[in-house]
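Thanks, everyone, for making the time. I would like to walk you through one model this morning, so please have the sequence and the structure open in front of you while I talk.

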Amino acid sequence: MDIHVHFRDFELSYKEDAVSGTQAALAGGYIAVGDMPNTKPPIKTVELLRKKIEEFNRKTKLHIRHYFGAPQDPSILKDALINGAYAVGEVLPEEVLDYGGDQYLEALFQEAARVGIPIVMHCEDPVIINQYSGPRDFEHHNVIRGPRAELACVHNIIKLVYRYGTKVHMTHLTLPQSISMIRLSALTSPLT
Ligand SMILES: [Zn+2]
């Protein structure tokens with residue numbers, strides 16, 4: 001099983017879609033995948049989630065888990081879960097910033113724990129990313145999104161997991177220090 005794929009359906013289906021993506025997965029020996037919600041439009045409403053699940057059921061026999069995009073209003077998480085959402089995320093730093101930063105994360109983690117839906121975090125602190133004022137091109141990617149951004153986010157998420165008991169999986173990590181912190185925290189919390 002591959003728990004993290006981006007099949008890019010709807011308006012980005014020229015990159016990949018349910019058909020080409022699941023064919024590639026099967027060719028590689030995968031019988032189940034978890035598909036991320038940052039399609040265009042992103043899967044952030046229950047209506048779109050249902051539409052996507054219906055479409056996938058029509059197009060493929062592969063077993064698919066559908067992620068739900070981090071919603072601006074976390075109170076819809078229960079409805080998303082009932083309608084087939086597997087987990088929230090991956091939650092991107094840009095979304096966190098757009099929806100109110102740390103205050104938003106608190107609300108999201110609290111509600112996800114209450115409802116019982118896990119969260120997948122793409123962990124980089126958006127405030128630190130925005131502190132960078134140099135050129136924003138590919139060559140500077142590692143400076144714009146440097147180690148401080150990842151480590152600050154990992155610290156913050158560990159705190160929220162302990163505070164609310166939210167089930168969290170960290171994705172796209174790049175630093176051995178992050179892995180060490182998460183491994184240690186995972187011994188006493190629902191973090192992977
Ligand atoms: Zn991803």
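Let me begin at one particular pairing, where H122 of the fifth strand has T171 as its bridge partner in β6. Before I go further, please keep in mind that this is a predicted model. The two strands concerned, β5 and β6, pair in the parallel sense, and four bridges hold that pairing. On the other side, β5 pairs with β4, again in the parallel sense, over two bridges, and there V91 has M121 as its bridge partner in β5.

If we step back from that corner, the sheet as a whole is open and consists of six strands in the order β1-β2-β3-β4-β5-β6, with parallel pairing. Its edges are β1, residues 2–5, and β6, residues 168–171, each of which pairs on one side only. From one strand to the next the twist averages 30 degrees. As a general reminder, the strands of a sheet pair through backbone hydrogen bonds, in either a parallel or an antiparallel way.

Moving to β2 and β3, which cover residues 32–35 and 63–68, we find two parallel strands joined by four bridges, and within that pairing V33 has I64 as its bridge partner in β3. Helix α2, residues 46–59, lies across β3 and β4, the latter being residues 85–91, and the helix runs at about 165 degrees to β3.

Now, is β5 buried or exposed on its two faces? Both faces of this strand, residues 119–122, are covered, since I119 and M121 on one side and V120 and H122 on the other are all buried. M121 deserves a closer look, and if we leave aside its neighbours within four places in sequence, its contacts are G89, E90, V91, I157, V168, M170 and T171.

That brings me to the nonpolar cores. The largest has 35 residues, and the members that touch the most other members are V88, V91, A112, I119, M121 and I157. Which elements give two or more residues to this core? They are β3, α3 (77–82), β4, α5 (102–115), β5, α8 and β6, and of these α8 gives the most, with seven residues. This core also draws at least three residues from each of domain 1 and domain 2. There is a second, separate core of six residues, and F7, V33, F56 and I64 are included in it.

Since I have mentioned domains, let me say how they are laid out. The domain assignment gives residues 1–69 as domain 1 and residues 74–192 as domain 2, and the centres of the two, taken over C-alpha atoms, are separated by 22 Å. Across the boundary, eleven residues of domain 1 are in contact with 13 residues of domain 2. On the domain 1 side of that contact, α2 and β3 each supply at least two residues, and the residues of that side divide into six nonpolar, three polar and two charged.

Next, a residue at the end of a helix. Y164 lies in α8, residues 147–164, and, leaving aside neighbours within four places in sequence, Y164 is in contact with F109, Q110 and A113. The last of these contacts spans 51 residues in sequence, although Y164 and A113 are 6.4 Å apart in space, C-alpha to C-alpha. Why is Y164 classed as partly exposed? The reason is its count of 16 other C-beta atoms within 10 Å, given that buried requires 20 or more and exposed requires 12 or fewer.

Finally, some backbone details that I would ask you to look at in the model yourselves. A cis peptide bond joins K40 and P41, with omega about 0 degrees, and P41 has its place in the loop between β2 and α2. Another cis peptide bond joins G89 and E90, with omega about 10 degrees, and E90 sits in strand β4. H172, in the loop between β6 and α9 (176–186), has a phi near 55 degrees, which is a positive value in a residue other than glycine. H172 is partly exposed, because 13 other C-beta atoms lie within 10 Å.

I will stop there, and I am happy to take questions.

Terms used:
Residues are numbered from 1 along each chain as its sequence is written. This is a predicted model: local features need pLDDT of at least 70, side-chain atom pairs count only at pLDDT 80 or more; totals for chains, interfaces and linings use all residues. Two strands pair if DSSP finds at least two bridges between them. Axes are lines fitted to C-alpha atoms, for helices over the stretch in contact, and angles run from 0 to 180 degrees between N-to-C directions. Two residues are in contact if their C-beta atoms, placed from the backbone, lie within 7 Å. Domain bounds come from an automatic or database domain assignment. Ala, Val, Leu, Ile, Met, Phe, Trp, Tyr, Cys and Pro count as nonpolar, Asp, Glu, Lys and Arg as charged, and the others, Gly among them, as polar. A nonpolar core is a set of buried Ala, Val, Leu, Ile, Met, Phe, Trp, Tyr and Cys residues joined through C-beta atoms within 7 Å.
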